[in-house]
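Opened a new file today and went through one helix and the sheet. Jotting down what I looked up as I go.

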Amino acid sequence: MSRLQQLPAALQRSLEQRSTLKVIAGLMNFDAASVARVARAAGHGGADLIDVACDAELVRLAIEASGGVPVCVSSVEPEQFPAAVAAGAVMVEIGNFDAFYPHGRIFGAEEVLALTRRTRELLPEVVLRVTVPHVLPMDQQAQLAVDLVAAGAA
């Protein structure tokens with residue numbers, strides 16, 4: 001069974017049909033009330049996936065508030081992922097790097113690849129998505145995408 005086949009059937013279908021609606025609460029949004037509002041709206045609006053900050057309590061909150069919409073968590077710290085998955089997240093994502101740029105934090109290709117490898121070590125069977133930083137030159141973005149797939153990103 002592939003990792004993608006472990007996802008809920010409705011989410012698998014939306015991914016296969018390339019019609020997935022992912023609602024993002026925010027990588028840096030740890031405000032429970034805000035996440036609950038976004039999750040409720042996502043549930044009412046027919047979202048296929050909700051992306052929340054990597055926190056077990058927020059995962060449980062988003063699942064409940066949305067009426068069961070699958071949850072993806074985003075982080076740049078792989079060690080945070082296992083608790084969120086244990087709380088019900090069906091997918092993890094390394095990315096949403098734009099939140100860091102205003103603070104001068106830039107992610108290079110080697111760092112993103114290292115984060116991917118560490119995440120795969122921690123969670124070998126979980127669907128892993130990785131954002132390619134748009135600040136890299138185009139040839140480096142293309143090479144990183146190839147390297148990420150080889151390292152186990154979906």
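My notes below are on a predicted model, helix first and sheet after.

**Entry 1, helix α2.** I started with α2, which covers residues 32-45, so 14 residues by the DSSP runs. From first C-alpha to last I get 20 Å, close to the 20 Å expected at 1.5 Å a residue.

**Entry 2, its two ends.** At the start of α2, I found a side-chain oxygen of Asp31 within 3.0 Å of the backbone nitrogen of Ala33. Just past the other end sits Gly46, with a positive phi of about 85°.

**Entry 3, what is buried.** Which residues of α2 are buried? I listed Ser34, Val35, Ala36, Ala39 and Ala42. Then I checked what covers them: the cover includes β1 (22-26), β2 (49-53) and α3 (56-66).

**Entry 4, the sheet.** β1 and β2 turned up again here, as part of an open sheet of 5 strands. I wrote down the order as β1-β2-β3-β4-β5, with parallel pairing. The edges are β1 and β5 (127-130), each pairing on one side only. Twist from one strand to the next averages 25°. Reminder to self: strands of a sheet pair through backbone hydrogen bonds, either parallel or antiparallel.

**Entry 5, the β5 edge.** How many bridges join β4 and β5? I noted 4, in the parallel sense, with β4 spanning residues 91-94. Ile94 stands opposite Val130 of β5. Last lookup: helix α5 (residues 109-122) lies across both β4 and β5, and I get about 170° between α5 and β5.

How values were computed: Residues are numbered from 1 along each chain as its sequence is written. This is a predicted model: local features need pLDDT of at least 70, side-chain atom pairs count only at pLDDT 80 or more; totals for chains, interfaces and linings use all residues. Side-chain values use heavy atoms; hydrogens and water are left out. Helices (H or I, at least four residues) and strands (E, at least two) are DSSP runs, numbered from the N terminus. The expected span of a helix is 1.5 Å times one less than its number of residues. Buried means under 20% relative accessible area, exposed over 50%, partly exposed in between (1.4 Å probe, protein chains only). Contact means heavy atoms within 4.5 Å. A polar contact is a pair of N or O atoms within 3.5 Å; within protein, one must be able to donate a hydrogen and the other to accept it, and residues adjacent in sequence count only if both atoms are side-chain atoms. Two strands pair if DSSP finds at least two bridges between them. Axes are lines fitted to C-alpha atoms, for helices over the stretch in contact, and angles run from 0 to 180 degrees between N-to-C directions.
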